[in-house]
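Hi,

Here is the structure I promised to pass on. Have a look at it first, then read my notes underneath.

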Amino acid sequence: MTVHTTIDSPLGEILLVGVVSETAPGGTALASLSLPGQKGAAAVPEDGRRDPGAFEEVGRQLTAYFGGRATGFDLEFTESGTEFQRGVWRALEEIPYGATTTYGEIAERVGTSRVGVRAVGTAIGRNPLLVVRPCHRVIGADGALRGYAAGLERKERLLGLEGALSRD
């Protein structure tokens, strides 16, 4: 059964969508986390039900992260995307808190050439789990902030929260 809710965050109201799972911490496997104005954002599922209680654990972990008391998440995710996208998303999950990497480095990690950087960028842009699967930690080879489905100002805010922005 699909469930959803919204929670407030420093980035705006977050839409959480998930499915009931006996193995997930808190009982819900997270399918998507999206923000207002996000490119490709999830919509409230027509066949789902609003259930704020199903996301108490997700909300607790997000609150700890935004409050600077957590550097990662212990959540179960539903499986989605193509095999290539899932490989890119696994590479995102390996980027440590407070660190950044480049699109080219992700391409190398997933075994594609530098020519495949555009495909990597597309896969990152389709990440359904913003914040918890840290696509915000991927930057341009020149150190510039590039592409973020929820807007560069939110990417900058997340990297600032994690102390990953250089202070010149």
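Below is what I found, starting with the sheet and moving on to the helices.

A word on the basics: this is a predicted model, so local features need pLDDT of at least 70 and side-chain atom pairs count only at pLDDT 80 or more, while totals for chains, interfaces and linings use all residues. Residues are numbered from 1 along each chain as its sequence is written, and side-chain values use heavy atoms, with hydrogens and water left out.

The sheet

Four strands make an open sheet in the order β3-β2-β1-β4, with mixed pairing. At its edges stand β3 and β4 (49–50), each with a single partner strand, so one side of each has no neighbour in the sheet. Helix α1 packs on this sheet and touches β1, β2 and β3, its direction making about 140 degrees with that of β2. (Strands here are DSSP runs of E with at least two residues, helices are runs of H or I with at least four, and both are numbered from the N terminus. Two strands pair if DSSP finds at least two bridges between them. Axes are lines fitted to C-alpha atoms, for helices over the stretch in contact, and angles run from 0 to 180 degrees between N-to-C directions.)

β1 and β2 run antiparallel and are joined by six bridges. Their hairpin has six residues between the strands, and G12 there takes a positive phi near 115 degrees. On the other side, β2 pairs with β3, again in the antiparallel sense and over six bridges. V17 is a handy residue to follow across: V17 in β2 is the bridge partner of H4, and V17 also stands opposite S32 in β3. Further along, V19 has A29 in β3 as its bridge partner.

Which strands are covered? In β2, five of the seven residues are buried, where buried means under 20% relative accessible area, exposed means over 50% and partly exposed is in between (1.4 Å probe, protein chains only). As for β3, six of its seven residues are buried, so the rest of the structure largely encloses it. The loop between β3 and β4 holds G37, which counts as exposed because its relative accessibility is 77%. From C-alpha to C-alpha, G37 and A64 are 24 Å apart in space, and 27 residues apart in sequence.

Helix α1 and the core

Is Q61 in α1 (residues 56–66) buried or exposed? Q61 counts as buried, because its relative accessibility is 6%. The side chain of Q61 reaches the backbone nitrogen of D74 at 2.7 Å. That is a polar contact: a pair of N or O atoms within 3.5 Å, where within protein one must be able to donate a hydrogen and the other to accept it, and residues adjacent in sequence count only if both atoms are side-chain atoms. Leaving aside neighbours within four places in sequence, Q61 is in contact (heavy atoms within 4.5 Å) with F73, D74 and L75.

Q61 has buried company in α1, including V58, L62 and Y65. What covers the buried residues of α1 includes β1 (2–7), β2 (14–20), β3 (28–34) and α5 (152–161). Just after α1, G68 takes a positive phi of about 75 degrees.

The largest nonpolar core has 34 residues, and L62 and V131 touch the most other members. At least two residues of this core come from each of β2, β3, α1, α2 (83–93), α3 (103–109) and α4 (117–125). (A nonpolar core is a set of buried Ala, Val, Leu, Ile, Met, Phe, Trp, Tyr and Cys residues joined through side-chain atoms within 4.5 Å.) Not counting residues up to four places away in sequence, V131 touches several residues, among them L62, Y65 and F66.

Helices α2 and α4

The axes of α2 and α4 come within 9 Å and cross at roughly 80 degrees. That makes α2 roughly perpendicular to α4, on a scale where under 35 degrees is roughly parallel, over 145 roughly antiparallel, 65 to 115 roughly perpendicular and the rest oblique. Where they meet, F84, Q85, V88, W89 and L92 in α2 face A119, V120, A123 and I124 in α4 in contact. The cover over the buried residues of α2 includes α3, α4 and β6 (138–139).

Cheers
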